[in-house]
Amino acid sequence: MTGWERFLDTFFNAKVMAKYWPDILHGMWVTIELAMLVVVTGIASGLALALLRAAGIRPLNWLMIFVVDALRALPPLVIIVLIYFGLPSAGLTPSGFVSTWAALALVLMAFSEEIFWAGITAVPRGQWEAARSTGLSYAQALFHVVLPQALRLTIPPLTSRTIAITKGTALGSVVAVSEILGQASSAVSNSYNPSPLILGAAAYLVLFIPVVVAGRWVETRFAWKK
Amino acid sequence: MIEAIGLHKHFGALHVLKGVDLRVADRELVFVIGPSGSGKSTLLRCLNRLETPDAGSIVVDGIDLMHRRTDLNAARRRIGMVFQGFNLYPHMTALGNVTLALRKVAGKGRAEAEALGLAALERVGLRDRAGHTPGQLSGGQQQRVAIARAIALEPRVMLFDEPTSALDPELVGSVLAVMRELREDGMTMVVVSHEMGFARAAADRVVFMDHGQIVEQGPPAAIFEAPQEARTQAFIGQIQRH
Ligand SMILES: Nc1ncnc2c1ncn2[C@@H]1O[C@H](COP(=O)(O)OP(=O)(O)O)[C@@H](O)[C@H]1O
Ligand SMILES: [Mg+2]
């Protein structure tokens, strides 16, 4: 065997790949499912928190800022491990999938709350005043006048942050979630060959390149245009 | 129509209104002039409770705006306000700007709100711009849409805070023309502005403010031609030199 053949046999082993690609495909579905759940619940709860913060209840806001900052400061893997290994001592036994989902959704909630809040505060005060001067209530001014403008400002930073956090689904492999990386690593230990990792990387590219491209489109589409 | 008595307002240590009394009769047009920072905007914003005075009473069209149980949102529907910076909603069309409060505050259905909104745009001469967004309109047109947004709600009083000072000189006339028509229709108006020509032609009374107090007031001719107070004389001299 030449060095080149050995390289191909190690990383692009056709037999190993043929055997394990169904596992990787299954992992892709788990990754997609996990990512969708994280995106929907993380962004929805982030928006809900930002709206709650807009209500201006002081002690609640201090608590919220503390929790959000903590979630942004902690590495996501630490949060996953805390939930997975920590909650059982409190009588709860979340699966690896649920732990990863919850942890990443919390992180996305924290970041998107900050992004939504920044968007809300970036809307000029005159917009509030014009709305209130016509008799709209605080909530009506928020929902009909301020929020639509805030969301527009929010889309570019939210898109890039969402993509970054969604890639964190790979961390689920640490707590035995059978997503792409999890499937690939167990295939590697079963076959004594790293080729499944190449398949796994290819699966990530297939999943995330369209997302990154769509994200760039969204960012240019919503970049400041008055 | 408006009776604001003994208004005091502080921003932190800054005493911005120092006991201002302002009475405005039905159908009267009162002009408020004074140096920058003298508290004109703050006074105006107290009249629809965008700003809450620290002391004093405000009654507009029989509604006590300082009473705890007063529904301010309902009251504000009766008090139109026009801002220096227009403050149109940039994500809505001209018609959308005008109909929002008609629908959400006055509770009109979509069709009725749009008919009323178009009628209001007609009054400011912009019916044909109903589908344009603020970014597609000139400053003068934006300010007229802002006036339409306020008058669509059929207010009893209109408050104008320097409505033409953000406009290029050639666009000022169109906004003043709309204000003059409102005046001729009998609208009660309080106008903060330094448009002396308009004040002479349309104002019943000119109020001069300085350092949070009303220094002097009277008919336009008296204030502009023969001010009694030294501070008024200095200020009138200044703006006439421009
Ligand atoms: N929201 C605010 N917070 C702090 N200071 C303010 C605020 N609004 C106005 N002021 C101050 O109050 C004073 C009067 O302002 P204003 O009523 O806008 O004057 P005018 O309209 O006559 O120029 C100014 O010194 C201004 O800086
Ligand atoms: Mg002012």
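Is A:Arg125 buried or exposed? A:Arg125 is exposed, at a relative accessible area of 59%, and the first close-up shows where its side chain goes. All the views below come from a predicted model.

**View 1. A:Arg125 and A:Glu129 pair up within one helix.** The two side chains meet in a salt bridge, with N and O 3.6 Å apart. Both residues sit in helix H6 of chain A, four residues apart, or about one turn of the helix. Their surroundings are not alike: A:Arg125 counts as exposed because its relative accessible area, 59%, is over 50%, while A:Glu129 counts as buried because its value, 11%, is under 20%.

**View 2. A salt bridge crosses from chain B to chain A at A:Glu129.** Here the partner is B:Arg45, and the closest N and O atoms are 2.8 Å apart. Between chain A and chain B the count is one salt bridge, so this view is the place to look for it: B:Arg45 with A:Glu129, the latter buried at 11% relative accessible area. Zoom out a little and a network of salt bridges appears, linking A:Arg125, A:Glu129, B:Arg45 and B:Glu51. Over all chains, the structure holds 17 salt bridges.

**View 3. Helix H6 of chain A is mostly covered.** The helix runs over residues 125-133, and seven of its nine residues are buried. Among the buried ones are A:Gly126, A:Gln127, A:Trp128 and A:Ser133. What does the covering of these buried residues include? From chain A there is helix H7 (138-166). From chain B come helix H1 (40-46), helix H2 (72-76), strand S6 (79-82) and helix H5 (139-151). After H6(A) comes A:Gly135, with a positive phi near 100°.

**View 4. Chain A and chain B meet over a buried area of about 1600 Å².** Carbon and sulfur atoms give 58% of that area. Chain A puts 17 residues into the contact, and chain B puts in 21. For orientation, look for H1 and H5 of chain B, which are among the elements covering the buried residues of H6(A).

**View 5. A:Thr162 is tucked into helix H7 of chain A as a buried residue.** Its relative accessible area is 11%. What does A:Thr162 touch, leaving out residues up to four places away in sequence? The list is A:Val39, A:Ile43 and A:Leu108. The helix that carries A:Thr162 also helps to cover the buried residues of H6(A).

**View 6. The second largest pocket has a volume of about 300 Å³.** Of its 22 lining residues, B:Lys40, B:Ser41, B:Gln84, B:Asp161 and B:Glu162 are the closest to the centre. H1(B) gives the most to the lining, with four residues. Strand S2 (14-24) of chain B also supplies at least two. By class, the lining has six nonpolar, eleven polar and five charged residues.

**View 7. Two chain B residues, B:Arg49 and B:Glu162, have a positive phi without being glycine.** Most residues other than glycine have a negative phi. For B:Arg49 the angle is about 65°, and the residue lies in the loop between H1 and strand S4 (55-60) of chain B. B:Arg49 is also buried, at 16% relative accessible area. For B:Glu162 the angle is about 45°. This residue is found in the loop between strand S7 (157-161) and helix H6 (169-184) of chain B, and it is one of the residues closest to the centre of the pocket in View 6.

**View 8. B:Asp204 and B:Arg183 meet in a salt bridge.** The N to O distance is 2.8 Å. B:Asp204 lies in the loop between helix H7 (196-202) and strand S9 (205-210) of chain B, and B:Arg183 lies in helix H6 of chain B, so the pair ties together parts 21 residues apart in sequence. B:Asp204 is partly exposed at 34% relative accessible area, whereas B:Arg183 is buried at 19%.

**View 9. B:Arg200 and B:Glu225 form a salt bridge at 3.0 Å, N to O.** This pair links distant parts of the chain, 25 residues apart: B:Arg200 is in helix H7 of chain B and B:Glu225 in helix H8 (residues 220-225) of chain B. B:Arg200 is partly exposed, with a relative accessible area of 38%. B:Glu225 is exposed, at 54%.

Terms used
Residues are numbered from 1 along each chain as its sequence is written. Chains are lettered from A and ligands numbered from 1 in the order in which they are written. This is a predicted model: local features need pLDDT of at least 70, side-chain atom pairs count only at pLDDT 80 or more; totals for chains, interfaces and linings use all residues. Side-chain values use heavy atoms; hydrogens and water are left out. Buried means under 20% relative accessible area, exposed over 50%, partly exposed in between (1.4 Å probe, protein chains only). Contact means heavy atoms within 4.5 Å. On a 1 Å grid over the protein atoms alone, a cavity is a set of points where a 1.4 Å probe fits but cannot get out, and a pocket is an open set with protein on both sides within 12 Å along at least five of seven lines; lining residues have an atom within 4 Å of a point. Grid points are joined across faces, edges and corners, and a volume is the space filled by probe spheres set on the points. Ala, Val, Leu, Ile, Met, Phe, Trp, Tyr, Cys and Pro count as nonpolar, Asp, Glu, Lys and Arg as charged, and the others, Gly among them, as polar. Buried area is the accessible area (1.4 Å probe) that two parts lose on being put together, summed over both. A salt bridge is a side-chain nitrogen of Lys or Arg within 4 Å of a carboxyl oxygen of Asp or Glu.
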